[in-house]
Amino acid sequence: MNSLKRAKELDQEYHFMNAFADSLDSGEGRLKGYTVSVKDNVCVKGVQSTAGSKVLEGYVPPFDATVIAKCRAEGASILGKTTQDEFGFGTFNVNTPFNKPLNPHDPERSTGGSSGGAACITAVADFPHLAISESTGGSISCPASWCGVVGVTPTYGRVSRWGLIDYANSLDKIGVMGKTVKEAALLLSVISGPDKYDSTVLDTPVPDYTELESVEELKVGVPKEYYGEGINSDVEKTIWSTLKKLESKGAKLIDVSLPHTKYALSSYYIIAMAEASTNLSKFSGLRYGLQEHIEGDFNQYFSKIRTLGFGDESKRRVMLGTFTRMAGYRDAYYLKALKVRTKVIEDFKHAFEAVDVLAAPTMPVVAPRFDEIEELEPIQHYMMDILTVAPNLAGIPMVSVPCGTSEDMPVGLHLMADHLQEHTMLRAAWEVENL
Amino acid sequence: MAEIAVTRELVKELAKAARLVLSEEETDKYTQQLSVILDAFKELDEVPTDGVEPSYHPIEIKDSLREDKPEKWEWDPLANVKDHEGKYIRGPRIK
Amino acid sequence: MGGRKPVKATIGLEIHVQLNTESKLFCSCTTEIDDLEPNTAVCPICLGYPGSKPKLNRKAVEHGITIGIALESRIKPVIRFSRKNYFYPDMSKNYQITQYEVPLAEGGYLMVGDHRVGITRVHIEEDPAKLVHVGGGITNARETLIDYNRAGVPLVEIVTEPDIESTEEARDFLKKLSLILEHLRVYDPSGEGSLRVDANVSIDGGNRVEVKNITGFRNVEKALNYEVVRQRSAVNMGLSIVRETRHFDAETGVTSTLRLKEQEEDYGYIAEPDLTQIHLSEELVGGLRASMPELPDQRIQRLVDQYGITRFQSDIIVNTGLRMSIFYEKCCELYPDSKTVANWLVTYLLKSLNYEGMSLEESSVAPETFTELLTMMDDGTISERLAKELIKDYVKTGKSPRKLVEEKNLALLPVDELRVVVGEVVSENQKAVDDYRSGKTKAAEYLIGQVLRRVRARAAANTVRELVLEALKGN
């Protein structure tokens, strides 16, 4: 059976796709034989790309994102677009008018988000498959952890963002998911590197991340702020048991502190919403996506489209973002958050003077049930990102690697490394995978 | 951080600025939610940031510029447009 | 208007000028858009497509620095771009990428006569799309058609201090600025809408009114005059001036309320996260400073020194525009006497161009053909009088003077042929001949006049005089 047909069957059960490619083309190269699924916010030429929003319904990109062009050049078959929270605004992949994916380990639970579709298909695919996903504040780590797959978020700028429908441009990172560290490393090797279309991409040479071996005397930092209060004790137990095993293999566990962790959440949300609220301005019913009969003046027409096209969470974030950059509040919110971000980065830089990687639970709990999610207030949704936003805010690479279960649901260990230290980080993750 | 009381009027102002139309019910809901969220953001006041530079990006990025060479993008800019008149794209009137 | 006393006002200008790069500010689309069909010089970047990102044009930054240097501004060592957020149908992203906190340059001045007009800042930003208001103007059109060809063309914005004291001074300031930008080779004054101005106007220290989007010098003067008079009469009637933004309608010459200041959008600036900061290194700025093109004042002095022309002539040639002074110098390469070139250029060529309402670039006048006219006078092909006549046709048609002479058979008559005509005139006017011989020497003038009338301009007056006197002597 070909993988397009098989993926469609699985989608019937798990609802992870928003659009399928018409057919699979493959070629020669490092990804020969692999089917690659693409988060809906990464543009694929000729395939509807909505970023999970009704406001982009019907939008068919006229160009490939750079990562897609790179995948095609290495022989990959592009499968289609995986579902996500609208523009990446969410932690449970329920904030979308399109498909809401089901957790492969328990269909009453969330896959996590916002790259929920990507994690879901990565977990259930029984054909060679890799996923292009994207993280702004934890959107790769969270669903990877809850679906039990490997999710890699690279250093900010390691991978070109050309073709990524922006959430928050100074935070957005295209990353990868795979069933194994080696497979994820393969896709990361392919998509990393310079690109003339993205001004913020780094030109540092790309190593072959698939060269995986043990790291001698791996120094693993254990940041105290990521354990204890607010973390489910059974999840924490699973993490500790993994860390102990790692120690028995020769790794050194070192206590560290990241004192500004507490403030990362507010800093992150302020910056993310300020940038997001400007990114979403372009969606006004002209040129592409949702377009209605043009009537009224531009204020009336734009308001009609945006009211119709944006979901509840998008409206909330656009209004909050508008507030944080308003004259009179801008210094106290937007600029302050950028300064606190500097402090958060300094914490990490300081920690990485002594350790190779930092280790923590990826998420404070296992995947919640949909009925539990419905009870949560918006602020409680945001709180769920408490462990993932700081490294995302600092733009450091991170990987969530499966390390056992709690309540029969997968638990992910989060490994974080200094800027551009993906290779060391992936070697440590490979070590964890092989425990 | 300036004390900010999130009123219905503020929410209406924000909605207008963002070109969103809210029902009365939605206005109430967002007033309550935004109030809680903006209140939480105030914790940043606890972080001393005098003399701290803002981080517009998380990592230092080299200056990025292009050379001034024109290049035509081969595509159909009207392919996604529903309403156009000839090659003009139709838009709403100003007033 | 020479004698009229300028109306006192306080004016600050925000001048937007299209920089003459080959590609747009943040994408590689062409900026040669004047003759294109709508939406044909566009790409996903300037159309604000989801997933597209801007990439900054190096040339635009360099042009901005050059302008800053010419205006004696302080060039910033590190610059950044910002998003200026407001919804409007001409903005593909509903924000404009501009510079807010850190402009390219700050401070500086420009002298208008002996009055110093301060420069607040110089920055670069993207031009919005062009709107066509169908079935009316901006305030009452039925619908709007959008052409994004202009979206993303690089603009420099130059903001002045409120130092300008009259509409005439505003006009002179803009003329001088435009001439400087032209000399810097950063701006093409012939482009459609290539210079646009927002003006802040107040009188007697009253409220400031902003008049938006005035295109071209003539309109600036018209709009400002209207606005100053409007404010003056309002004050005279005891009305107060409201802080507002007004729109200038070039067709009617009238400004009208667009919105009150309190209705202004809060621009909610943030740093443009898709662009990096740009270092304007000492090396870069120093290099541009070292290779600064000659500015108008320097050029005026050089033409005087190099070509021995008067300051008055040099002033006119340079102030007419860069193309005119380049034209002049080219003519001097082709023709040995630079003073004659200047005389003829300033006195006759410019007059004819003005009469035809043409600029040099709109006409087909070229140095090769213009100097041909001078050469033909020297070698006796045509008379000076004919040359003065011929230059009108030349400017109008653009045809080479030599060709015009051939076509119309205007060349000077050979002396032999002329002598025949003289003979005829003399024999037909026996009375004048008799008068002359009886001592009324003025009668010769009559005969000369008759000959000239008969041959029209095809003979030099001096030659005719010689031949007439010769004939009178001989007879």
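This passage describes selected features of chains C and A in a predicted model.

Chain C is divided into three parts: domain 1 covers residues 10–288, domain 2 covers 296–408, and domain 3 covers 415–474. Between domain 1 of chain C and domain 3 of chain C, the distance from one C-alpha centre to the other is 67 Å.

Within chain C, N149(C) is placed in a loop that runs between strand β11 (143–147) and strand β12 (154–160). The relative accessibility of N149(C) is 2%, and because buried means under 20%, this residue counts as buried. A polar atom of the N149(C) side chain lies 3.2 Å from the backbone nitrogen of N39(C). N39(C) also appears among the contacts of N149(C) when neighbours within four places in sequence are left aside. The other residues in contact with N149(C) on that basis are K24(C), I33(C), L36(C), E37(C), P38(C), T40(C), A41(C) and V42(C).

Helix α2 of chain C comprises 17 residues, 167–183. At 1.5 Å a residue, α2(C) should span 24 Å, and its end C-alpha atoms are 24 Å apart, so the expected and computed values agree. The helix is mostly covered, with 13 of the 17 residues of α2(C) buried. Just after α2(C) comes R185(C), which takes a positive phi of about 60°.

Helix α2 of chain C also contributes at least two residues to the lining of the second largest pocket. The space in this pocket is about 1000 Å³. Its lining is made up of 34 residues, and those closest to the pocket centre are K175(C), S178(C), P189(C), F217(C) and T320(C). Besides α2, at least two lining residues each are supplied by α3 (217–236), α6 (311–320), α7 (322–334) and α8 (338–356) of chain C.

In chain A, L415(A) is found in strand β13, which spans residues 409–417. L415(A) has a relative accessibility of 0% and therefore counts as buried. Not counting residues up to four places away in sequence, L415(A) touches V357(A), L358(A) and A359(A), as well as P397(A), M398(A) and V399(A). M425(A), A428(A), A429(A) and V432(A) are also touched by L415(A). N169(A) lies 246 residues from L415(A) along the chain, and the C-alpha atoms of these two residues are separated by 23 Å.

How values were computed:
Residues numbered from 1 in each chain as written. Chains lettered and ligands numbered in written order. Predicted model: local features only at pLDDT ≥ 70, side-chain atom pairs only at ≥ 80, totals over all residues. Heavy atoms only, no water. Domains from an automatic or database assignment. Helix = DSSP H or I, 4+ residues; strand = E, 2+ residues; numbered from the N terminus. Buried < 20%, exposed > 50% of the residue type's maximum accessible area, 1.4 Å probe, protein only. Polar contact = N/O pair within 3.5 Å; in protein donor to acceptor, adjacent residues only side chain to side chain. Contact = heavy atoms within 4.5 Å. Expected span 1.5 Å × (residues − 1). 1 Å grid on protein atoms, 1.4 Å probe; cavity = no way out; pocket = protein on both sides within 12 Å on 5 of 7 lines; lining within 4 Å. Points joined across faces, edges and corners; volume = space filled by probe spheres on them.
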